[in-house]
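Biologist: Could we go through this structure together? I would like to begin at the surface and then turn to the sheets.

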Amino acid sequence: MVDNNVKNGANYYRLRSVSTDGKYVLSNVQLVNFDGMISSSIKIFPNPVRNMLTVSGAVPGSNITLLDIAGKTMKQLTVGGSGVDQAETNRLLPGTYLLKVTTPGGNITTIKMDK
């Protein structure tokens, strides 16, 4: 079962179990909080990157940290209201980097990026 219409914040769910004779039982209501970050919604392009990296689908207010493969912070920025941001990468050396996106709620998504 997948909810394709998840909303930011509080989402309430309950299950209805139906038997073969048509009778049903409802479960207790469950609260699930989402802060809008679903890792598959974050996209980076181009990858490999040349001079400018675009990050889309991140929750506004999220912190983006670009790390080299050793874990050293190379660049940091905060996602604006549109959920799309760009970072200059022309000073990065060729290699593999990690883009860590941390939402205001503390969820972390890490994406591998090449230059």
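Modeller: Certainly. Please keep in mind that the model is predicted. We can start with Tyr 12, which is found in strand S1 (residues 9–13).

Biologist: Is Tyr 12 buried or exposed?

Modeller: Tyr 12 is exposed, because its relative accessible area is 58% and the cut-off for that class is over 50%.

Biologist: Which residues form the nonpolar patch with Tyr 12?

Modeller: Tyr 12 shares the surface patch with Val 29 and Leu 31. Together the three residues have about 330 Å² of accessible area.

Biologist: Let us move to the sheets. What is the order of the open sheet of four strands?

Modeller: The order is S8-S7-S10-S11, and the pairing is antiparallel. Strand S8 (73–78) and strand S11 (108–114) are the edge strands, each pairing on one side only. On average, neighbouring strands of this sheet are turned by 20° against each other, direction ignored.

Biologist: How many bridges join S7 to S10?

Modeller: Six bridges join strand S7 (residues 63–68) and strand S10 (residues 96–102), and the two run antiparallel. Within this pairing, Thr 65 stands opposite Lys 100 in S10.

Biologist: And Ile 64, where does that residue lie?

Modeller: Ile 64 lies in strand S7.

Biologist: Buried or exposed? I mean Ile 64.

Modeller: Ile 64 counts as buried, because its relative accessibility is 4% and the limit for buried is under 20%.

Biologist: Leaving aside neighbours within four places in sequence, which residues is Ile 64 in contact with?

Modeller: With those neighbours left aside, Ile 64 is in contact with Val 55, Lys 75, Gln 76, Leu 77, Val 79, Leu 99, Lys 100 and Val 101. Lys 100 is also the residue that Thr 65 stands opposite in S10.

Biologist: What is the C-alpha to C-alpha distance between Ile 64 and Met 113?

Modeller: The two C-alpha atoms are 13 Å apart in space, while Ile 64 and Met 113 are 49 residues apart in sequence.

Biologist: Now the open sheet of three strands. What is its order?

Modeller: The order is S5-S6-S9, with antiparallel pairing. Strand S5 (43–45) and S9 are the edge strands, and each pairs on one side only. The twist from one strand to the next averages 20°.

Biologist: How many bridges are there between S5 and S6, and how many between S6 and S9?

Modeller: S5 and S6 are joined by three bridges, whereas strand S6 (residues 52–56) pairs with S9 over five. In the S5 pairing, Lys 43 has Ser 56 of S6 as its bridge partner. In the S9 pairing, Met 52 stands opposite Glu 88.

Biologist: Which side chains of S9 point to the buried face?

Modeller: Asp 85 and Ala 87 point to one face and are buried. Val 84, Gln 86 and Glu 88 point to the other face and are not buried, so the side chains alternate along strand S9 (residues 84–88).

Biologist: One last topic, the loop between S5 and S6. Which prolines lie there?

Modeller: Pro 46 lies in that loop, and Pro 48 is found there as well.

Biologist: What kind of peptide bond precedes each of them?

Modeller: A cis peptide bond joins Phe 45 to Pro 46, with omega about -10°. Asn 47 and Pro 48 are likewise joined by a cis peptide bond, with omega about 15°.

Key
Residues numbered from 1 in each chain as written. Predicted model: local features only at pLDDT ≥ 70, side-chain atom pairs only at ≥ 80, totals over all residues. Heavy atoms only, no water. Pairing = 2+ DSSP bridges. Axes fitted to C-alpha atoms, helices over the stretch in contact; angles between N-to-C directions. Patch = residues over 30% accessible without salt bridge, like charges linked within 9 Å, V, L, I, M, F, W, Y side chains within 5 Å. Areas by Shrake-Rupley, 256 points an atom, 1.4 Å probe, with all protein chains shown as cover. Salt bridge = Lys/Arg side-chain N within 4 Å of Asp/Glu carboxyl O. Buried < 20%, exposed > 50% of the residue type's maximum accessible area, 1.4 Å probe, protein only. Contact = heavy atoms within 4.5 Å.
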